[in-house]
Each structure stands twice: as C-alpha cells, then as structure tokens.
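Here is a short briefing on one chain. Please look over the sequence and the model before reading on.

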Amino acid sequence: MEDRSLPASINYGAVLPQAVPAIQHRRKYYPNNGLAFSPGGNNQIRIEISSPSALLDPKNSYLSFEVVNAEAGGGATFGFENSPYSFFNRLTLEQGGKVLCRWDELSRYCCAVINPAQTNINGRGFDSLTEGARGYNADGAGNNAPEVVPAGLPVGTSPGTAYLNLNHNSDALIPPLAGAPGASKKFAVPLLGGLFTQEKMLPLPLLKPGQPLVVTLTLEVAERAVLWSAPPVGNGYELRNVYYAASLVEVGRDVLDQFRMVQQNMGGSLVISSHDMDNNSDTIAAAQSGEQVIRCPSRHKSLKSLFWTAHSENYAGTLGPITQAEASSLTYCGSANVTEYQLKVGAVVYPPTAIRAPGVTTGANDYDKKRSECLMELAKAFGSLGWASPTGYLHTAGYMTSILNGGPNGNGNGDNGALIGGFPATLVPQGSQAIIATPFGIDLESFQRTAIESGVDSETLAEAVNLVLTVDAGGVGNEDKNINVWSLYDQHYYFKSDGMMDVSN
C-alpha cells in the first residue's frame, strides 16, 4: 500500500516529548561595582551571572533599571530617545578577563537601526510601558496623562497634542530629582549580545567556579543619551536600581551529567551558535562627491548582514543654534545624498548590481521609487522581507526626510540645519517631534535562518572589506557626515570542559 503521511491535525501519535524534571524560578543579579551610575561618575555597570545548578533562559530574562534626572533643582528637564539602549554606548561579555563579545555604538545601533526597523506600530504601545516611548498619552510632562481630545474629534486629531504614535516624548518629561522628588522612569529591556539573542538555554553549571559570565555596560554621554530642554551642566542623568532579572531552570544532577557527556563527545566543548557585531566608522567631508570608500576591517568566516547610517555632529546651522543635547542625535540620520551603494570584499562586490538610492532630487515621485529599493534591501538584511511589517514603523514621512519634510532640504540627507529664505532652520527632530531614522542594509546571507555560516567569508583569505558609497554631485550635504557601519557575523560560543569559554571569531 502506498505510504501516506497523516496531517498534523489527525496525527495523534505526534505528541510532545516528556520533559526532564525541572523547576523554573526568577533571580535578580545586581551590579557588583555600585548602586548608582552616571556618565560623569561611575560610568560602567558590571553584572556577574552564575549558578551551580540552573540553566539561564536568555529569551525570558531582561535588564531593569531606573533613570533619574541628576541635574540641580531648577535645571534642565529631559525626555527619552528612541530606545532604552540610548543609555549604553558599549556592551561587553567576558569570562575570566577574556572578552567574548563587544558591541560598540550600541546606543546608535538600537535607536537608528533596530528599534525603528524591527518594532511595528503595535509594539509602540508595549514600548510605552517598558522603554519610555510615547504611547497613547498626551504631549507633556506627564507620561501617563491621557491625550486630551476635544468633543467630536477622534483620538489622534487633537490640535497641539495630536498623538502620532511615532513622536518622541516631550523634553519636559523628567524634571530634576532635586526639584521634583520621585521624578523617574523605570525601564525593562531584553539583554543584547550574542549569547542572549539566541534560543538555547545557557548551561551555567558548566562554568568554572569563581569564573562567572560578566556583562559590562558602558554608559552613553549625557548629551546623546536623552533629549534635553537645555544643555546639562552636571552629571546629567543617573541610573539606579539596576538588576538583571534572570529566568533560571533548575535541573537534576543526571541532566548536568548528560551535558558533560555531550561535551566530551563533541571534543570537549559544548557549542551554542549565535551572531555578534563589529562597528566601524569614518567621516565624509561635506563637499566630497563621487565614489567614497568606508573601510570595514571585519575579518570573519561568515558575514551575515551589514547596516549603516549617516549623521552629522554639526549643529551650527540650526535655529538658535541648538546643541547636540537638545536634538535626537542618536536616532536622526539621513541619506548623505548617496545615489548607490554596495559592499566590496576583496575583488567581489555584493550585490553585483549596486543598490540605488535617491541622491539629490526634487521630484517626489522619483524620490519614492528610489528609496523603496533601499527599504526592501534593508528588510532583506534583517531577513524579514516576508513579515507583515518587514521594516517596522519606518514610513514615508520618517525615512530619508527631516522635520521640514516637504520643503527645501526635505530629502533628508542628514544635515541638522539649513538656511531657508536666508534664515537658519532646524532639520533634526527635538522633543515631542517626529521620529526620523534612515538606516540602510545589505544582505550577505545565502540561506537565511536555515543554515549557519552561509554568509560571505572575509577571514580565510584575509580580504579587505569596504562599504562603497557613490555620492551625488554637490557632496553629502552642507555638513560633514559620520558613517557608522555595523557588520553582523555568525559566532560560535564554546563551553569547554575546563569550565572556561571561547568563541570562534
């Protein structure tokens, strides 16, 4: 008789396997180097993670902290940037003094790339509770105050307080603690880093006693981390009540012995595969045009994706002028008037046909056609092209635009200011204004989400890696552009039989 397969809906023999005896519980790991942290004082948070008998479930664990305004009474107030990781410039994971992973420019990566391109519009409501985002509340100092809507008008159309679900919170949100005791915001966010962004539980009992995993978070400077009403003059902000809420699973001795047996059968190392990230940056002068090469010395066995942004550090041309502290300096970025881009590894370019970008253009229709290609390639780089929301909440008024969206310089090349009608104007968003981000991506993976090490190999032949940008005539804008590049690559973490850890890259 012909073999046939039963559909899952009537295959009663397909049942889940019986689990080993285990007990799940939560434990808080606190920093071992202080209780309060600020960019002008103790600016590193070190948290040690270990357990003699429990596995760590990283997908169900999170980092929690409270933010207060450390300015003197009557000083500047602030609102929040686009991601709680705006407070952390760098994340490292170590064991026994050996650095296992290091993510630099984490604040900009999360604010300008990850959050806008991977959080959909519905996720903004969740972020309003856990990450300080503006969500279904009025524009003002009270984060929990509901939006005021005149009678007869639907929610979202109230003049002056119209909620767009895509705006920054007010820069009056958090007053100085000295002037308003209790003024603070609590955050809860998943921990990033290769080991903490994959599905498998971490076998903490296999670590050598006295050699725990150490997570170190280096704070971002006060002027970049939040949106200030005026430049801060003291420590700026302070983080308190910091802890890692870990989901631990206690298992029996027989399960741990089985882990050790598997470890020996695999040559003395238990392997967990994930990915990590390199960061490189360079500057393109305002007048530079034509082909511009950004060096990205990322030598790895399998480069998966590459992301890049272009932003300006020059605020002299803004109205006022404003300072970096008063601007959305981490989230806001632009196109740098690039007309096409691709990655060159050795003598080979990816993709073979360069990705087209708008450059300098005045025609709205032509502009939309070209930037849609950039957006699709960004979705491919995330492996999310088939998702319902492949590029998060990036949209027509918030991608390759500025605050003066439809006017002069409305193409959003990343300039912070411009002369309009002979007078300076501010293009970069500030408190209460729209969230604008322009991340770019290049996909390098052959078999997305189905195989490991299916990306581009730049390690074997020690090949040079360069991001090649073609800039339109006239240059990148009126201001120099800083190009930040993040290279995502496959990484293997080895839990060795001596209790120490190692990595493949």
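How much area does the chain expose, and what share of it do carbon and sulfur atoms supply? The exposed area is about 21,600 Å², and carbon and sulfur atoms supply 54% of it. The model is predicted.

**Overall build**
- The chain has 505 residues, and 52% of them count as buried.
- Its secondary structure consists of five helices and 22 strands.
- Take the contacts between residues at least 6 apart in sequence: 78% of them join residues at least 24 apart.

**Aromatic pairs**
- The count of aromatic pairs comes to 20.
- One of them is formed by Phe78 and Trp228. This pair is edge-to-face, with 4.9 Å centre to centre and 70° between the planes.
- The Phe78 and Trp228 pair links distant parts of the chain, 150 residues apart. Phe78 belongs to strand S5 (residues 78–80), and Trp228 belongs to strand S10 (residues 226–228).
- Phe78 and Trp228 are both buried.
- Phe196 and Tyr244 also form an edge-to-face aromatic pair. Their centres are 6.1 Å apart, with 80° between the planes.
- The Phe196 and Tyr244 pair also links distant parts of the chain, 48 residues apart. Phe196 lies in the loop between strand S8 (184–189) and strand S9 (213–219). Tyr244 lies in strand S11 (residues 237–251).
- Both Phe196 and Tyr244 are buried.

**Aromatic cluster**
- Which residues do ring pairs link into a cluster with Phe78 and Trp228? They are Phe65, Phe80, Tyr85, Phe87, Phe88, Phe187 and Tyr237.
- Within this cluster, Phe78 and Trp228 are the edge-to-face pair described above.

**Charges over rings**
- Lys28 places its charged end over the ring of Tyr243, 4.4 Å from the ring centre.
- Arg124 lies over the face of Tyr393. The distance to the ring centre is 5.2 Å.

**Cysteines**
- How many disulfides does the model contain? The count comes to zero.
- A disulfide is a covalent bond between the sulfur atoms of two cysteines.
- Is Cys101 buried or exposed? Cys101 counts as buried because its relative accessibility is 4%, under the 20% cut-off.
- Cys296 has a relative accessible area of 1%, so Cys296 is buried too.

Methods. Residues numbered from 1 in each chain as written. Predicted model: local features only at pLDDT ≥ 70, side-chain atom pairs only at ≥ 80, totals over all residues. Heavy atoms only, no water. Helix = DSSP H or I, 4+ residues; strand = E, 2+ residues; numbered from the N terminus. Buried < 20%, exposed > 50% of the residue type's maximum accessible area, 1.4 Å probe, protein only. Contact = heavy atoms within 4.5 Å. Areas by Shrake-Rupley, 256 points an atom, 1.4 Å probe, with all protein chains shown as cover. Phe/Tyr/Trp six-rings, centres within 6.5 Å; stacked < 30°, edge-to-face > 60°. Lys NZ or Arg CZ within 6 Å of the ring centre and 35° of its normal. Disulfide = S-S within 2.5 Å.
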